[in-house]
Amino acid sequence: MASQGTEKALALLRRLPRVSLGNLKPNPGAVKSARRGRGIYGGKTHGAGSKGSGQRQNFMRLGFETGNTPFYLRFPYQNYYKGHHMRLSYAPLCMGKLQRMIDTSRLRTDVPVDITQLSATQLFSINPMEKMGGIMLKDEGIDHFQATLNLEVQWATEAVITSVERNGGTITVAYYDPISLQAALNPMAFFKRGVAIPRRMLPPQNLIDYYSDPKNRGYLADPTEVARERFVLAQKYGYELPDIRSSPNQEMLLERKDPRQIFYGLQPGWVVNLEDKVILKPTDPELLEHYAS
Amino acid sequence: MAGALSLAWGVTAHRPALLRQVLRSFSVTAVRNQETGAAVAAASIDSRKSPLILDEKFPDSNSIVVPREAWIETLDTSAASTQVGLIHLHPQVFGANPRLDLIHENVTWQKKFRMVNYAHTKVRSEVRGGGKKPWPQKGLGRARHGSIRSPLWRGGGVTHGPRAYTTHFYMLPFSKRLQGLTATLSAKFAQDDLKIVESLDMPSDEAGYLEQLCENRRWGISVLFVDDSDIMPRNITLASDTLRHMNLMPVYGLNVHSMLKHETLVLTVAAVRRIEERILYHFRRPDLPKENMKRFRM
């Protein structure tokens with residue numbers, strides 16, 4: 001604020017007549033009249049030419065080369081695109097930036113950090129409809145990471161897991177299907193819809209191995225296996241694993257969601273009524289069975 | 001008066017000590033005045049031991065920019081001095097870029113969003129009559145016509161005429177409304193048209209008292225008094241009741257049009273702090289003005 005320009009403008013204003021309703025006007029050129037140009041300023045066609053796609057705006061389809069074999073058909077099939085319509089992309093979050101978010105009080109460390117917490121910072125644009133799967137932790141700035149967190153992200157590498165666990169934190173990678181992800185990204189918008197919290201779907205076929213692997217700290221892995229892998233990783237990188245059980249934040253650090261659960265503290269099937277500030281829970285045995293984990 | 005304020009304007013961070021000294025001397029005269037037996041109301045105001053110095057540091061604002069300084073005045077003319085203290089104003093609110101184009105946009109918006117145009121004309125089908133073809137198409141040597149209510153005819157319909165009710169409602173983007181407020185407050189402050197008083201308490205409820213006060217202080221004809229609360233003190237309410245060019249307004253009603261409509265804007269200290277709090281809250285909130293967040297996005 002208050003750059004040199006601002007100071008100059010304020011100093012200038014001091015010697016000018018009083019700013020009032022009578023002497024205001026828009027910036028030159030800011031107001032455009034909506035008139036249609038005549039003669040040389042527009043003429044008959046207004047630059048759209050006569051006849052054909054130029055005039056009618058029905059342009060050729062993308063990649064069409066009017067008779068030639070199109071470029072995208074001219075060369076053999078690219079194998080690395082196999083199944084691209086099934087794959088998910090993830091919003092990257094560097095470890096250095098995560099630390100900075102904590103330093104600048106954008107992120108709380110006394111509660112488990114999940115996709116909802118991260119999205120509440122308003123720093124990510126994640127659209128599940130564009131096949132985005134959530135947030136992926138990148139190892140950039142990993143040397144600066146010092147926080148003790150209970151993290152839940154959608155993708156993490158071994159280096160990232162190491163740095164989180166070395167600081168006494170815990171990390172889980174968890175899958176969110178598009179509908180659950182949309183709810184988790186903006187809970188208030190979801191609650192306003194007045195529908196029951198859905199069950200989180202299990203990962204698709206190609207991701208089930210990743211999320212069941214204790215090495216990745218997958219949310220479907222056996223907790224005892226995960227505990228063992230934590231120790232193995234500490235041995236591999238030669239650091240002493242801080243004891244979570246003696247930590248004052250033990251309860252927070254060990255809090256986990258059910259694989260079917262989207263929000264901490266809320267079970268699938270519940271309806272959050274923001275108007276009356278009540279939570280409605282299903283009682284019908286069939287519903288209970290449907291939403292049971 | 002104007003000289004004193006220009007002193008306040010010119011003072012920068014490295015000279016607050018000098019100002020304090022000046023103000024201390026004020027306080028001495030104030031006490032003396034009380035000893036000589038001034039009005040009771042004046043005594044209540046002057047009874048404080050030292051001048052009111054609200055030198056907040058605003059640690060959250062940019063450290064390079066010093067807070068703006070302004071005198072705190074009193075509406076009590078029997079007080080020993082017009083100025084009773086000094087206040088620091090947040091530079092983001094009272095020293096913002098005076099964007100005249102944004103001020104204009106705000107004023108235009110305030111005029112237009114509630115405007116409904118009732119002008120109405122009839123098209124050819126709505127004008128009475130004109131169903132029959134006036135004369136045959138061919139054989140008469142006359143121009144071809146199908147209706148006597150065609151727009152070409154006298155008494156015919158109107159093409160592209162105004163149609164009631166045309167609303168001109170639109171919303172100015174939130175950030176522009178916010179910046180309009182800071183730009184107007186800053187422009188008013190830069191032009192010495194923004195005065196700060198400790199409260200709207202006055203010893204008299206006469207309209208003449210208020211008029212005389214504004215004239216003596218060169219506040220101009222029209223003055224807008226803004227307080228934190230919407231329940232105003234009795235005396236100023238009665239005094240300004242018959243003066244249509246002196247108006248009272250609570251902080252929640254503060255707007256660009258009204259600030260510019262009046263020559264001088266008078267804020268109470270409580271109003272200043274409330275305005276700062278509300279505007280800074282909106283400047284910093286991460287959710288609403290998306291433009292503010294753009295540079296932080298990952």
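Me: A crossing of two helices is left-handed if the near helix is turned anticlockwise from the far one by less than a right angle. In which sense does α5(B) pass α6(B) in this predicted model?

Reply: Helix α5 (residues 100-112) of chain B passes α6(B) in a left-handed crossing, so the near helix is turned anticlockwise from the far one by less than a right angle. The two helices pack at an angle of about 115 degrees, with their axes 8 Å apart.

Me: What makes the contact of α5(B) with α6(B)?

Reply: From α5(B) come Leu102(B), Ile103(B), Glu105(B) and Asn106(B). The residues from α6(B) include Lys176(B), Arg177(B), Gly180(B) and Ala187(B). By class, the residues of this contact divide into four nonpolar, four polar and three charged. Gly180(B) is counted as polar, because Gly belongs to that class by definition.

Me: At what angle do the axes of α6(B) and α10(B) cross, and why is α6(B) called oblique to α10(B)?

Reply: The axes of helix α6 (residues 174-190) and helix α10 (residues 269-284) of chain B come within 11 Å and cross at roughly 140 degrees. Only angles over 145 count as roughly antiparallel, and those from 65 to 115 count as roughly perpendicular. The value of roughly 140 degrees falls in neither range, and therefore α6(B) is oblique to α10(B).

Me: Which residues make this contact, and how do they divide by class?

Reply: Leu178(B), Leu181(B) and Thr182(B) of α6(B) meet Ile279(B), His282(B) and Phe283(B) of α10(B). Four of these residues are nonpolar, two are polar and none is charged. Thr182(B) and His282(B) are the polar ones, because neither Thr nor His is listed as nonpolar or charged.

Me: How do you know that the buried residues of α4(A) lie on the same side of the helix?

Reply: In helix α4 (residues 95-103) of chain A, the buried residues are Met95(A), Leu98(A) and Gln99(A). They cover an arc of only 100 degrees around the axis, which puts them on the same side of α4(A). An α-helix has 3.6 residues a turn, so residues three or four places apart point the same way.

Me: What do the buried residues of α4(A) pack against?

Reply: They pack against β1 (89-94), β2 (132-138) and α6 (158-166) of chain A. Just after α4(A), Ser105(A) takes a positive phi of about 60 degrees.

Me: How many residues does each chain give to the contact of chain A with chain B?

Reply: Chain A gives 22 residues and chain B gives 27. On the side of chain A, the largest share, six residues, comes from helix α1 (residues 4-14).

How values were computed. Residues are numbered from 1 along each chain as its sequence is written. Chains are lettered from A and ligands numbered from 1 in the order in which they are written. This is a predicted model: local features need pLDDT of at least 70, side-chain atom pairs count only at pLDDT 80 or more; totals for chains, interfaces and linings use all residues. A residue is buried if 20 or more other C-beta atoms lie within 10 Å of its own, exposed if 12 or fewer, and partly exposed in between; C-beta atoms are placed from the backbone. Helices (H or I, at least four residues) and strands (E, at least two) are DSSP runs, numbered from the N terminus. The arc is that of the directions from the helix axis to the C-beta atoms. Two residues are in contact if their C-beta atoms, placed from the backbone, lie within 7 Å. Axes are lines fitted to C-alpha atoms, for helices over the stretch in contact, and angles run from 0 to 180 degrees between N-to-C directions. Angles under 35 degrees count as roughly parallel, over 145 as roughly antiparallel, 65 to 115 as roughly perpendicular and the rest as oblique.
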